[in-house]
Structures are given as structure tokens and as C-alpha cells.
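Colleague: I would like a close look at a single part of this model. Please take one side chain and its setting, then the sheet.

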Amino acid sequence: MKSILKIPFIILLIIIPMSFVATAAEEDLNAKPAIWSIEQDQSKVYFLGSVHLLPDDVKWYGGTLKEIVEEADEVVFEVHMTPEKQRHAQQLTLQNGMLAPGDSLSNYLSKDEMDFINEQALASGIPPASIINFKPWFASVALSVSTIIREGWNPDSGVDKYIEKNIASRDIKISALEKLEEQMATLYDHPLETQAEMLRDTIDQLKDIEKVTLDMIDSWSSGDEELMIETLIKPMFQQEDVYQKLLVQRNNNWIPVIEELLTKKQNTLVVAGAAHFVGEDGVIKLLSDKGYMIKRVQ
């Protein structure tokens, strides 16, 4: 069966999107996301595949993961999103997310597709008069994120934010795998026709939003690597340019950063979108190919 979980919604597992909940007791956990580790000399580096938004009823923080976070000397996110970086991300979005004067989103979609976009935009509180000026990539992400929030997913319950708030009161170094500008470019640095294909995928997903979100949560919360490959990685092969920029290039760029972490005499937790760690082009396979001994700890 052809998977409906294509690139726009997978972005929720690999790109940070534009209240803190109580810690669950281990017996209350209903999700155990995959965690890997490398131990080398006096260095331990753990890898946690994340989801950047989650429903509040998904209880994943406890047990082994809680211990890892509490023992960490440094936590590394894709990008450390400070308030200053949030403002910069908004600036980059406006600079790279709007069509040129005289152009229109309707130039890249059929009438039926555009009618559906306008309907979804209204439901999400986005004026159709505004979204008509969005580049397709921006329309895709805006509709994906706003719709999934309407479905009950909470940005404040996402893995990255939850862990960052958990360590805020401790003297822990927070660092990043990449620069914000590099991350944002993986979304907008595509031809408009490629972006339009992303948006068409989003339209398909929005028509079956409940299945899409359930598939995403099931694959992540199970920690099943084969299921994550089937759900998160294989659908991306249909858009090779996006797959290369969004995953493959970034994964390879992160390897030297991770190798530098392995020279530190400390415990380090690396938190990045779940899709980055699995598959033939995933970070875990890349590190294994370089001779590192990888251990699955959850």
C-alpha cells in the first residue's frame, strides 16, 4: 500500500516548526521512542529521535530517557531556538516564503486544489487573501502545522521543548547540530514546481488527517525502526531533491559535529527529528559505517 505520510507532515519529525506537562511515571508511559548510544573512552553520547509537536495524551518522558536527561552534561538540538532565533526564523520565512509581486499560488495548482487550500486556510484562521501570496513550501508548512494543532497536537508538548524546559533550571550546556539558516534553507531552497508537489502532498494528507497523524504517532512511539523507515523514510523517495536536502545532506553534515562530541569526557544527549536516525542514510548507519559501536538502549 502506498503510504500517505509524505514529506510535509514528515517535516514535523525533522524540522522545528514555527506549558509544560507533568512527568509521567514509568508505568504510565504509552510511548517509548527509540534511543541509541555510543560509549567511547569517558564519553557517552545518546541519540533520541524526536517529534516537534505531540498530543498531550502521549506520555513518553520517564524511565530510561528521564535518567539520561538527568545525567546529561550537554544537550544538543538541531537548532537551539532562543527568542532571538525565533524572531530570525520569522524574518527568514517572510524573506523566502512570499511569491514575487504579480505571481500567485493559484498559478501552481488546479482550481479544485486552490479551492481546497482556501477552505483549509479559513479553517486555520489564515485569510485566503494572504495564502494566495505564499510560496508553495510556506503554504504547505503553514497548513500542516495549523491543522495538526487543530487536531490536538501541542507545540509545548513536543520532545524538544519539553526537554529544554526540563533542563532550564540546571547548569547544562545547550548546543546545536546546525545553524538556523542552514535548516530553514532545506525548506525553501527548491524550485517552485518541486514546492508545488510538496503542497499537493499536503492536500492529500489533509483529506485523511486522522490516519496521517495516527501513523506518525504509532511509528514514533513504538520505537520500531523498520516501521519508522516504512512510514517516515520510504515516502520521501518520491521527491529525491527534497529527500537529499532535508535529510541526507544534513545527516552527513552532522557527523563531524557528533564526532567532536565523542571527544568530550561527559554525557551528551543529541535530540533530533526521528527520521534523521533510521534508514540507510540515517545518522546511526553513517556512524556505524565509520566504525562506531552503536547500542540500542530503548
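Modeller: Contact here means heavy atoms within 4.5 Å. The model is predicted. Take glutamate 178. Leaving aside neighbours within four places in sequence, glutamate 178 is in contact with Glu78, Val79, Gln183, Arg250 and Trp254. Its place is a loop, between strand E6 (173–176) and helix H8 (180–188). Is glutamate 178 buried or exposed? The relative accessible area of glutamate 178 is 10%. The cut-off for buried is under 20%, so glutamate 178 counts as buried.

Two polar contacts deserve a look. The side chain of glutamate 178 meets the side chain of glutamine 183 in a polar contact of 3.3 Å. The side chain of tryptophan 254 makes a polar contact with that of glutamate 178 as well, at 3.2 Å.

Now the sheet. Strand E6, which precedes the loop of glutamate 178, belongs to an open sheet of six strands. The order is E6-E4-E7-E2-E1-E8, with mixed pairing. E6 and strand E8 (295–296) are the edge strands, and each pairs on one side only. Strand E2 (residues 43–50) and strand E7 (residues 267–273) run parallel. Seven bridges join E2 to E7. Glycine 49 stands opposite alanine 272 in E7.

Helix H2 (residues 63–71) packs on this sheet. Helix H2 touches strand E1 (35–40), E2 and E7. The direction of H2 makes about 120 degrees with that of E7.

Definitions and conventions:
Residues numbered from 1 in each chain as written. Predicted model: local features only at pLDDT ≥ 70, side-chain atom pairs only at ≥ 80, totals over all residues. Heavy atoms only, no water. Helix = DSSP H or I, 4+ residues; strand = E, 2+ residues; numbered from the N terminus. Buried < 20%, exposed > 50% of the residue type's maximum accessible area, 1.4 Å probe, protein only. Polar contact = N/O pair within 3.5 Å; in protein donor to acceptor, adjacent residues only side chain to side chain. Pairing = 2+ DSSP bridges. Axes fitted to C-alpha atoms, helices over the stretch in contact; angles between N-to-C directions.
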